[in-house]
Amino acid sequence: MSEGTPLLELENLSITFATPGGPVYAVSDVSLSVERGKALGIVGESGSGKSVTMKAVMDLLPSTAAIGGRATFDGIDVLTMPSSRRKHFYGVDVAMVFQNPMTSLNPVKRIDAQMTEGMRYHRDLSKNDAKKRAIELLELVRLPDAAGRLRQYPHELSGGMRQRVVIAMALANDPALLIADEPTTALDVTVQRDILNLLDNLRTDLNMALILISHDLGVVRDRTDDVVVMYGGRVMESAQTEDLFADTRHPYARALQLSIPDISKPRGQRLDPIPGSPPDLSSPLTGCPFAPRCTFAQDDCHSTLPVATPVGDGSHTFSCLHPLGQEATV
Amino acid sequence: MRFVVRSLLQLVLVLFAVTFVAFGALNYLGDPLFNILGPIALEESGPEYAEVRAEARAQFHLDDPFPIRYGRWVGDMLTGDFGRSYSNQVTVRSILADKLPVTVVLMVYAQVIAIAVSVPWALWTASRAYRFGDKASTVVSFTMLGIPVFALTVLLFWLFAIRWQLFPTRYEDETIGQRLTSLFLPAVALATPLIATYQRLLRTDLISTLQEDFISVARAKGLPKWYILFRHALRPSLFSLLTVFGIQVASLIGGSLVVERQFQIPGIGFEVVEAIFRDDFPVVLAVVVVVSVAFVAVNVLVDLIYTFLDPRVDFNG
Amino acid sequence: MVGIGSAHLRTDEDPIIEVNNLVMEFPVANRAVVQAVSDVSFDVVQGETLGIVGESGCGKSTTAKAVVQMPKPTSGSVRYRDKELTTLSKQDLRRTRSDLQMIFQDPVSSLNPRRGIRDIIREGVEVWGTSGTWGEARITELMESVGIDPQYGDRKPFQFSGGQCQRISIARALALDPYVLISDEPVSALDVSVQAQILNLLEDLKQEHQLTMLFISHDLAVVRNISDRVMVMYLGRVAEVGDADSIFGNAAHPYTQALLAAIPGSGIEDDGSLSGELPSPSNPPTGCRFHTRCPHATEVCTTTVPEFGQHGPDHWLACHHPQSTPVTLS
């Protein structure tokens, strides 16, 4: 990770869910950090723990989840915050945008009610001031006819417009950190580009930290300063975005890049899928979670848990016993 | 506009179907003449009463074929004339005017109690779904559903009116206060199964609403729990409850037959039970009409509330 | 826009599917009619894969479903070999449907949750009354060919991952020995690593069973990987159609160009031409339906629906102002 004081820092975060079938080890030993004004990408497939990790930070996990490790925000321990601090932490210091704009808004409440409730609760704004601010925010996210939209219901807006509303809503109390969980996955490519551009601009203009969770390496590649690649609830590789793509060390990070069809290659290009299925997290791992699907795996991979190993100055780390060398870059 | 037309059409169809069946059933299964004339209506009572019988048959049009009698009844009904009671010649309208208000108050009372208890209860259980309080509530609500209304009535009456004497044993209606006190136990008896039904339905809908993304969004906004429950989760969860609320109007009337009799409340439920035993067609049919109209009206109201609850519901769809 | 006439239909070849002037309209509230598909014509030759791309609401799925008469089109003709499907009797249509099989986006919900997967695969064959010629050995063989271990035949769909469920639904489709396989976003719900497995599998099975394929996707890279020919749709009409290499390498329709430019990491400069909302399909723009978002639109585009013109050997587009500078993918 890059130097500087982190705004959000996770140290050895672990999350276990109690289920009728026994514990599920959703996240194990995850450490990452993001600075003010920077964008961090978290990449992984379903079950990698990328969303669960951030939901833990946002206190959105069900009561069946047990969280271990530390999460600090601006020096305060998020997981053990006193309730006086908690009361105005979520939705103020940290805000979150979710994957599906079609379901992120309450279908039976008008846009204005949904946009102003957070401001009114946290900052005690009057109804009118809150409405003025809501219009400003909708203009900030470039929603056409901002004032007119306030009286509308969510179903009267398109998916792209709704995601703008959700983003505007998240910005209501000037958060220092915005967590975006697959914010464009449910949207068309053309809308996706607009929304990602918008998030980019907002981050720079508002000097906000952005955590962009995505399964799409392409999305993260263009838009983030640092990347964390997760698999099976663990961090596989973590680096400045450029380094990760230029000098991939972890076989999973590389396999992920290779499995995506390349639009510049003509038809018939044989893809290199990752064999097998995602890992079963209901038993604690003795070795590398990726070992069963890894073409480079050796005997020790199944029995020894790899630790984060630095490359060069330490901003780039990978957790692999048999990493790829320089020659393996894409 | 289409909504109004559709509602009226619905009303006409329901009224026709219900009254046709009721009119037919009463005519084929009962003997009104006996109720009009008493024992002399029977052939065995002797030929000397033949003339009286014939007169009565003519007066009450009992010899006309079924379609004509039904048609005449419908025609009269449309002009607001429900005829006279066979047994005491009092107009059915005055019977309705006399007895209906008590029953309406009783039913509204029961629904108000049911909603007032079930909604907070459901909110409470949904917010702690599958934990102890919720599981205990499930046992309680199933018990409430399982008790037959007549048994509950007896139990309530004995405990609260006789043993602890908290409520009057006889119906009193001098003042509004008396009326509400007298009707409290019967209303609770009627409301008990409703409370349990509404609580179950609303709890289930709330639990699934609480899984929705917009609830996570609201939580991520840092809004307090009670606010999310009341302002975000409640409204989109009311649909099943509302649908059943409309349908329950019918079963409430059934319940009032039992309850009014047991608490000796001079309502329409009490009256109709008597009328059925007497084969007093005009009274029974008038009640059937009133119940059908009330049922359709409440359900039209429910449709209207849908559109208010969810802006996506198309008023004219 | 875009897309009237049938100049792009191949007369010299013998198409297995020929769709002419297909129109699909659905009544919605307030007497409005959604014009989901308006005057679409295309053909597919035996053994070919036609990819259909476009943003959500462009009518690509509706078009594909219209081919199998689900539901019957409002007007137009759909020919399969020598049969006109739109006028076929219910019974004949039912018989023909086994030749045309579909697989869907959500593999888990498209399988009956209460049946074992072996039964699910056998089910279709029983319905068609041809199970006599069918042995259990054939089902085992099919399961193997899609990469599902036959020993798990008694398990229920929920015991499998999304990717495995998609394999099962492919096996179910193939059990009827179809000639045409219509795939509606078959990999959109899957993780990238699994997506590649399914794409390779479809490609292998296509060779093995000599299938003709209609492949619907919003993901241009995926379509690029699997399609011989590509049809780009916009708001119920065809914008550009032709040989995949020609469409991707030499896109001349402003809409296709904008779509390509919007892909993350495409390296194409973002001219922002596609910002703005998709017009309502119940009230589509006059003339070329794309003119409201097109950077090159002129007067004629607002008044006249463009007809198909030839742009290359197998490359057709409906545009008044075809762009000569192709966009190039990096």
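Student: Where chain C meets chain A, how many residues does the contact take from each?
Tutor: Contact means heavy atoms within 4.5 Å. Here, 41 residues come from chain C and 35 residues from chain A. Keep in mind that this is a predicted model: local features need pLDDT of at least 70, side-chain atom pairs count only at pLDDT 80 or more, and totals for chains, interfaces and linings use all residues. As for labels, residues are numbered from 1 along each chain as its sequence is written, chains are lettered from A and ligands numbered from 1 in the order in which they are written, and side-chain values use heavy atoms, with hydrogens and water left out.

Student: What area is buried between chain C and chain A?
Tutor: The size of an interface is often given as the accessible area lost when the parts come together. Buried area is the accessible area (1.4 Å probe) that two parts lose on being put together, summed over both. For chain C and chain A that comes to about 3200 Å², with carbon and sulfur atoms giving 50%. Look for Asp191(C), Val192(C) and Asn225(C): they supply 18% of the area that chain C buries against chain A, more than any other three residues.

Student: Which side chains meet in a salt bridge there?
Tutor: A salt bridge is a side-chain nitrogen of Lys or Arg within 4 Å of a carboxyl oxygen of Asp or Glu. The rule finds 1 across the interface of chain C and chain A, and you can spot one between Arg270(A) and Asp204(C), at 2.9 Å from N to O. There are also 10 residue pairs in polar contact between these chains, both residues at pLDDT 80 or more. That term means a pair of N or O atoms within 3.5 Å; within protein, one must be able to donate a hydrogen and the other to accept it, and residues adjacent in sequence count only if both atoms are side-chain atoms.

Student: Which element gives the largest share of the side of chain C that touches chain A?
Tutor: Elements are DSSP runs numbered from the N terminus: helices (H or I, at least four residues) and strands (E, at least two). Four of them, α6 (192-209), α7 (220-226), α8 (244-249) and α9 (254-261) of chain C, give two or more residues to that side. The largest share, 11 residues, comes from α6(C). By type, that side of chain C divides into 17 nonpolar, 13 polar and 11 charged residues. Ala, Val, Leu, Ile, Met, Phe, Trp, Tyr, Cys and Pro count as nonpolar, Asp, Glu, Lys and Arg as charged, and the others, Gly among them, as polar.

Student: How many residues of chain A are in contact with chain B?
Tutor: 26 residues of chain A touch 19 residues of chain B. Together the two chains bury about 2000 Å², and carbon and sulfur atoms give 59% of that. Pro107(A), Val108(A) and Glu117(A) supply 27% of the area that chain A buries against chain B, more than any other three residues. Glu117(A) also forms a salt bridge with Lys221(B), 2.6 Å from N to O.

Student: What is the volume of the largest cavity?
Tutor: Rolling a probe the size of a water molecule over the atoms shows where empty space is left. On a 1 Å grid over the protein atoms alone, a cavity is a set of points where a 1.4 Å probe fits but cannot get out, and a pocket is an open set with protein on both sides within 12 Å along at least five of seven lines; lining residues have an atom within 4 Å of a point. Grid points are joined across faces, edges and corners, and a volume is the space filled by probe spheres set on the points. The whole structure has 5 cavities of 30 Å³ or more, and the largest has a volume of about 110 Å³. Of its 14 lining residues, the closest to the centre are Ala95(A), Met169(A), Ala170(A), Ala220(B) and Lys221(B). The lining of this cavity divides into 9 nonpolar, 4 polar and 1 charged.

Student: And what is the volume of the second largest pocket?
Tutor: About 1400 Å³. Among its 37 lining residues, the closest to its centre are Leu61(A), Pro62(A), Ser63(A), Arg219(B) and Lys225(B).

Student: Which residues does a cis peptide bond join?
Tutor: Most residues other than glycine have a negative phi, and most peptide bonds are trans. Here a cis bond joins Met70(C) and Pro71(C), with omega about -5 degrees. Pro71(C) sits in the loop between α1 (60-67) and β4 (75-80) of chain C. As for phi, Asp124(A) has a positive value of about 60 degrees although it is not a glycine.
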